[in-house]
Amino acid sequence: MKQWYLIIAVVAAISFITACSSEEPIVDNTRVGLSTAELVVSEDMGEFNTDIFKALVAQEDKNENLIISPLSAAMYLSMQANYCSENTQSQIFKALGSSNIDALNSFNAKMLASLGSLDKSTTLTLANSVWYDHKYSLKAAAKENLSNHFSTEFFPCDHNKPETKILVNNWIKENTEGKITQFYDGKPFDSMVLNAMYFNSEWKDKFSERNTTKEKFHVGEKIYMVDMMKRLDGYEYLYGGENFTACRREFGNGAFTCTFILPDEGCDINDYIANLSYEDLADIEFNKVKCDLFVPKFELSKTIDDCINIFASLGIYGLDTPLDVDSKNMTIQVKQESYIKLDENGAEVAATTGDKVVLSPLDPNKHRFELNRSFIFMINETSTNACILTGRISKFK
């Protein structure tokens with residue numbers, strides 16, 4: 001039997017399995033039963049998972065370790081879809097794969113209700129909250145839908161008080177089991193929408209700690225000595241594709257898996273990711289074969305301060321606040337902080353995605369002129385009225 005030597009060279013994607021179903025949910029305790037409308041969201045969510053990872057890779061240093069939680073980002077955007085403009089809502093629908101708000105909300109409600117109960121040996125929690133200046137009120141639809149479909153907690157507060165920073169970060173700390181503790185920097189805000197996620201599970205087939213030794217890890221011409229876990233003479237799920245080899249490992253009862261993708265030698269990992277598609281991943285058919293498996297232990301955190309640019313690359317613009325205010329005078333920042341530890345026993349993951357909205361005071365004597373749609377321009381010499389150039393601007397690359 002051919003032996004496969006597999007070393008991870010791309011951040012592992014931890015995924016859950018959803019059921020292909022009709023309107024009646026399939027009864028299977030290791031799968032999430034989805035209606036036809038929810039299944040459409042699930043399929044397109046697979047594309048979102050790949051697209052947001054590719055967008056992150058495109059904007060970050062090509063040599064750095066990268067991690068992102070598509071699940072946390074998707075749930076944040078799903079909440080946004082309940083109170084943003086119709087135009088932005090349509091953009092979120094396109095990115096997340098929903099034809100209407102009801103399908104998107106029911107899908108997220110089922111995720112919140114079901115994911116944590118799929119595997120008794122796995123802990124998976126999702127939590128949502130809205131923090132806002134007590135001087136304001138919330139949009140009716142935002143409060144109703146976020147409460148009913150996202151189990152959202154609402155916290156009116158005074159951002160000028162030092163304890164607000166403590167309260168926000170303690171909420172995140174509690175909902176990430178202490179893995180994310182300083183997400184909010186304490187600067188004033190008028191609203192903040194947060195999603196927090198925590199995952200902890202054991203391998204179905206664990207690695208033995210006594211087999212872990214220092215081994216070489218190659219990045220270009222550099223060589224790092226890493227703690228390499230080994231599982232020898234076992235059976236693993238493998239697939240050999242064009243320019244890559246993949247290995248899928250199960251956690252617990254198999255409801256959750258970890259897929260490792262190793263581009264072939266000579267195939268640049270960033271070029272591989274740039275050309276990766278959801279269809280490529282969906283078409284993988286793993287076979288259980290005898291295998292010597294080598295996987296490095298790792299633990300890392302990542303903060304993405306500029307999620308707005310990542311969302312823009314996915315065609316999403318104009319994110320909003322759940323406050324019942326005119327949003328023209330607001331600024332919004334969105335960031336995600338994530339964490340992973342992968343070792344002989346399994347994987348521990350945490351992530352928080354959230355925004356910070358600041359409203360600028362409205363000056364009744366100040367006008368607003370914003371060229372945000374098709375416009376005309378003219379460049380003239382004032383004494384002769386000579387027109388140097390005139391034109392219409394209606395399109396940008």
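Trainee: How much area does the protein chain expose, and what share do carbon and sulfur atoms supply?
Mentor: Keep in mind that we're looking at a predicted model. The protein chain exposes about 21,200 Å². Of that area, carbon and sulfur atoms supply 49%.

Trainee: And what percentage of the residues is buried?
Mentor: Buried here means under 20% relative accessible area. Out of the 397 residues in the protein chain, the buried ones make up 46%.

Trainee: Why does the radius of gyration agree with a compact globule?
Mentor: Start from the chain length, 397 residues. A compact globule with that many residues would come out near 21 Å. That agrees with the protein chain, which has 24 Å.

Trainee: Which kind of pair do tryptophan 203 and phenylalanine 207 form?
Mentor: Look at the geometry: the ring centres are 6.1 Å apart, with 75° between the planes. Planes over 60 degrees apart count as edge-to-face. Both tryptophan 203 and phenylalanine 207 are buried, by the way. So the pair is edge-to-face.

Trainee: What about the rings of tyrosine 239 and phenylalanine 244, which kind of pair are they?
Mentor: Their centres sit 5.9 Å apart and their planes meet at 40°. Under 30 degrees would be stacked and over 60 edge-to-face. An angle of 40° fits neither, so this pair is tilted.

Trainee: Is tyrosine 239 buried or partly exposed?
Mentor: Phenylalanine 244 has 10% relative accessibility, so that one counts as buried. Tyrosine 239 has 25%, and the buried class needs under 20%. That makes tyrosine 239 partly exposed.

Methods. Residues are numbered from 1 along each chain as its sequence is written. This is a predicted model: local features need pLDDT of at least 70, side-chain atom pairs count only at pLDDT 80 or more; totals for chains, interfaces and linings use all residues. Side-chain values use heavy atoms; hydrogens and water are left out. The radius of gyration is taken over C-alpha atoms; the globule rule is 2.2 Å times the number of residues to the power 0.38. Buried means under 20% relative accessible area, exposed over 50%, partly exposed in between (1.4 Å probe, protein chains only). Accessible areas come from the Shrake-Rupley method with a 1.4 Å probe; for residues, only the protein chains shown count as cover. Rings of Phe, Tyr and Trp (its six-membered ring) pair if their centres lie within 6.5 Å; planes under 30 degrees apart count as stacked, over 60 as edge-to-face and the rest as tilted.
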